[in-house]
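This briefing looks at how helices pack, what fills the core and how aromatic rings pair in the structure shown below. Please keep the structure in view while reading the points that follow.

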Amino acid sequence: MSVGKSLWWAGRSLRVFLAGLLGGVSAIAIVNPATMAQSGPMIEECNQFATGVNRHREVMNSFEAEIATFAENAVAAETLAEITAAASQYVDAAGDITASLKTVASDLDTLSLTDTQLTNYRDEYVVLVAGFSTALTTVSDAMAQVAASETEDQLSDSLQAVGEETTITIDEIETLAIEESAIIDEVNAYCTSEPGQDLGRAVN
């Protein structure tokens with residue numbers, strides 16, 4: 001496998017995984033007050049939380065699109081300069097995404113929630129967002145070594161590290177996604193007045 005294709009493989013693996021992952025995670029529903037027996041403030045807090053959580057999905061969808069572009073550039077890369085340039089593109093994209101994730105976590109953390117259970121869900125979700133950010137940063141750090149490579153030997157070693165970190169990151173994100181899905185299901189149930197009641201359109 002050429003070095004360019006090795007870089008492409010790492011990016012494609014993460015991209016395909018993220019695409020499948022994002023397609024399988026439910027959004028938090030925006031509550032329709034007309035269908036709820038709960039109080040106005042409770043509905044508003046549920047919707048504030050939903051907006052913040054669904055913003056996380058938007059950020060991860062954006063990253064999946066960035067990875068798609070990166071993978072295309074990586075597979076076409078042949079020279080050392082082209083490969084390091086493709087790696088730099090990934091590092092820049094990951095930096096933007098992790099910054100956005102930090103904003104999402106901060107916005108959720110500063111929500112003025114009075115409901116104790118909803119506050120607990122929020123705190124758990126903030127930890128999850130931080131976990132996603134850390135996992136992506138790990139791959140980005142490894143990719144930065146690819147971008148900084150000045151020789152073929154350095155490039156070969158750094159590509160091996162990227163492959164290893166990508167595999168680990170996919171496992172970590174999969175675990176986080178399972179936890180995220182559980183929290184989202186619990187919040188949707190908690191913010192519903194009756195089990196199984198249709199809350200209206202979910203934000204995608």
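Axes here are lines fitted to C-alpha atoms, for helices over the stretch in contact, and angles run from 0 to 180 degrees between N-to-C directions. The model is a predicted one. On that footing, the axes of α4 and α5 come within 8 Å and cross at roughly 165 degrees.

**Helix packing**

- Since angles over 145 degrees count as roughly antiparallel, α4 is roughly antiparallel to α5, and the crossing of these two helices is left-handed.
- The contact of α4 with α5 is made by residues that divide into 22 nonpolar, seven polar and six charged.
- α3 and α4 pack at an angle of about 165 degrees with their axes 9 Å apart, and these two helices are therefore roughly antiparallel to each other.
- The crossing of α3 and α4 is left-handed, and the residues of their contact comprise 19 nonpolar, six polar and three charged.

**Nonpolar core**

- In soluble globular proteins, nonpolar side chains tend to be buried together.
- The largest nonpolar core in this model has 45 residues, and those with the most contacts inside it are Phe49, Tyr90, Leu101, Leu108, Leu118, Tyr125 and Val146.
- At least two residues of this core come from each of α2 (40-76), α3 (80-109), α4 (116-147) and α5 (152-190), and α4 gives the most, with 13 residues.

**Aromatic pairs**

- A pair of aromatic rings is described by the distance of the centres and the angle of the planes.
- When ring centres within 6.5 Å are taken as the criterion for a pair, the count comes to two aromatic pairs.
- The rings of Phe49 and Tyr125 have their centres 6.4 Å apart and their planes at 90 degrees, so this pair is edge-to-face.
- Because Phe49 lies in helix α2 and Tyr125 in helix α4, the pair ties together parts that are 76 residues apart in sequence; Phe49 and Tyr125 are both buried.
- The rings of Tyr121 and Tyr190 have their centres 6.0 Å apart and their planes at 70 degrees, so this pair too is edge-to-face.
- Tyr121 in helix α4 and Tyr190 in helix α5 are 69 residues apart, and their pair links distant parts of the chain.
- Tyr121 is buried, with a relative accessible area of 8%, whereas Tyr190 is partly exposed, with a relative accessible area of 29%.

Technical notes:
Residues numbered from 1 in each chain as written. Predicted model: local features only at pLDDT ≥ 70, side-chain atom pairs only at ≥ 80, totals over all residues. Heavy atoms only, no water. Core = buried A, V, L, I, M, F, W, Y, C linked by side-chain atoms within 4.5 Å. Buried < 20%, exposed > 50% of the residue type's maximum accessible area, 1.4 Å probe, protein only. Helix = DSSP H or I, 4+ residues; strand = E, 2+ residues; numbered from the N terminus. Phe/Tyr/Trp six-rings, centres within 6.5 Å; stacked < 30°, edge-to-face > 60°. Parallel < 35°, antiparallel > 145°, perpendicular 65-115°, else oblique. Left-handed = near helix turned anticlockwise from the far one by under 90°. Nonpolar A, V, L, I, M, F, W, Y, C, P; charged D, E, K, R; others polar.
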